[in-house]
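Biologist: Please place the model on the screen, and let us discuss it step by step.

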Amino acid sequence: MTISPTSKAASLATVDSASPEKAIRDSAQQFEAFLIKQMLRELRASVLAEPQSGSSQAYREMSDDLMAEHLAKSGAFGFGKAMADQMLGQIRQASLNTQP
């Protein structure tokens with residue numbers, strides 16, 4: 001599954017039928033990156049945060065986006081792996097239940 005920077009959300013709906021496990025793991029990793037971005041955004045908006053100019057804030061957001069993606073890829077938090085494992089386990093269980 002390839003992800004273009006302009007359509008990450010749209011690509012989540014596209015599942016590569018040749019490797020559904022990889023697609024699930026990639027989607028879970030992207031969701032983990034989203035969660036990390038939200039946490040960073042909330043930290044920046046906290047009471048202790050320093051006010052920033054518009055351009056400085058834009059660069060900070062880009063930096064946070066890259067950091068979140070890097071942390072998600074490294075598995076530092078483990079949210080993506082846990083979600084993917086849970087989904088794959090449910091799929092395997094469902095396939096066992098539907099077999100005669």
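Biologist: Is R25 buried, partly exposed or exposed in this model?

Modeller: This is a predicted model, and every value I give is computed from it. The relative accessibility of R25 is 31%. Burial requires a value under 20%, and exposure one over 50%. R25 therefore counts as partly exposed.

Biologist: With which residue does E21 form a salt bridge?

Modeller: A salt bridge requires a side-chain nitrogen of Lys or Arg within 4 Å of a carboxyl oxygen of Asp or Glu. For E21, the closest N and O atoms of the pair are 3.3 Å apart. Both residues of the pair lie in helix α2, 4 residues apart, about one turn of the helix. The partner of E21 is R25.

Biologist: How is E21 classed by its accessibility, buried or partly exposed?

Modeller: The limit for a buried residue is a relative accessible area under 20%. E21 has a relative accessibility of 37%, so E21 counts as partly exposed.

Biologist: Which residues are linked with E21 and R25 in a network of salt bridges?

Modeller: By the rule for salt bridges, the count comes to 7. One network of salt bridges includes E21 and R25. The other residues linked in this network are K81, D85 and R92.

Biologist: How far apart in space are D85 and E21, C-alpha to C-alpha?

Modeller: D85 lies in helix α4, which covers residues 79–98. At 31% relative accessibility, D85 counts as partly exposed. In sequence, D85 and E21 are 64 residues apart. In space, their C-alpha atoms are separated by 9.6 Å.

Biologist: Which residue meets K22 in a salt bridge, and is that residue buried or partly exposed?

Modeller: The side chain of K22 comes to 2.9 Å, N to O, from that of D26. These two residues of helix α2 are 4 residues apart, about one turn of the helix. K22 counts as partly exposed at 44% relative accessibility. The partner is D26, which at 17% counts as buried.

Biologist: Which residue forms a salt bridge with K37?

Modeller: The closest N and O atoms of this pair are 3.6 Å apart. K37 lies in helix α2 and its partner in helix α3 (residues 54–74), so the pair ties together parts that are 32 residues apart in sequence. The partner is partly exposed, with a relative accessible area of 23%. The residue that forms the salt bridge with K37 is E69.

Biologist: Are α2 and α3 roughly parallel, or oblique to each other?

Modeller: Their axes are 8 Å apart, and the helices pack at an angle of about 140°. Angles over 145 degrees would count as roughly antiparallel, and those under 35 as roughly parallel. The crossing of the two helices is right-handed. By their angle, α2 and α3 are therefore oblique.

Biologist: How many charged residues does the contact of α2 with α3 have?

Modeller: On the side of α2, the residues that meet α3 include Q29, E32, K37 and R44. On the side of α3, D64, E69 and K73 are among them. By class, the contact has 7 nonpolar residues and 1 polar residue, and the number of charged residues is 8.

Biologist: Is I36 buried or exposed, and what is its relative accessible area?

Modeller: I36 lies in helix α2. Leaving aside neighbours within four places in sequence, I36 is in contact with A68, L71, A72 and F77. The limit for a buried residue is under 20% relative accessible area. I36 is buried, and its value is 1%.

Biologist: How many nonpolar residues are there in the contact of α2 with α4?

Modeller: The axes of α2 and α4 come within 8 Å and cross at roughly 145°, in a right-handed crossing. I24, F31 and L35 in α2 are among the residues that meet α4, where M87, L88 and I91 are included. The residues of this contact comprise 2 polar and 6 charged ones, and the number of nonpolar ones is 10.

Biologist: What percentage of the residues of the protein count as buried?

Modeller: The secondary structure comes to 4 helices and 0 strands. Among contacts with a separation of 6 or more, 72% are between residues 24 or more positions apart. Of the 100 residues of the protein, the share that counts as buried is 17%.

Definitions and conventions
Residues numbered from 1 in each chain as written. Predicted model: local features only at pLDDT ≥ 70, side-chain atom pairs only at ≥ 80, totals over all residues. Heavy atoms only, no water. Buried < 20%, exposed > 50% of the residue type's maximum accessible area, 1.4 Å probe, protein only. Axes fitted to C-alpha atoms, helices over the stretch in contact; angles between N-to-C directions. Parallel < 35°, antiparallel > 145°, perpendicular 65-115°, else oblique. Left-handed = near helix turned anticlockwise from the far one by under 90°. Contact = heavy atoms within 4.5 Å. Nonpolar A, V, L, I, M, F, W, Y, C, P; charged D, E, K, R; others polar.
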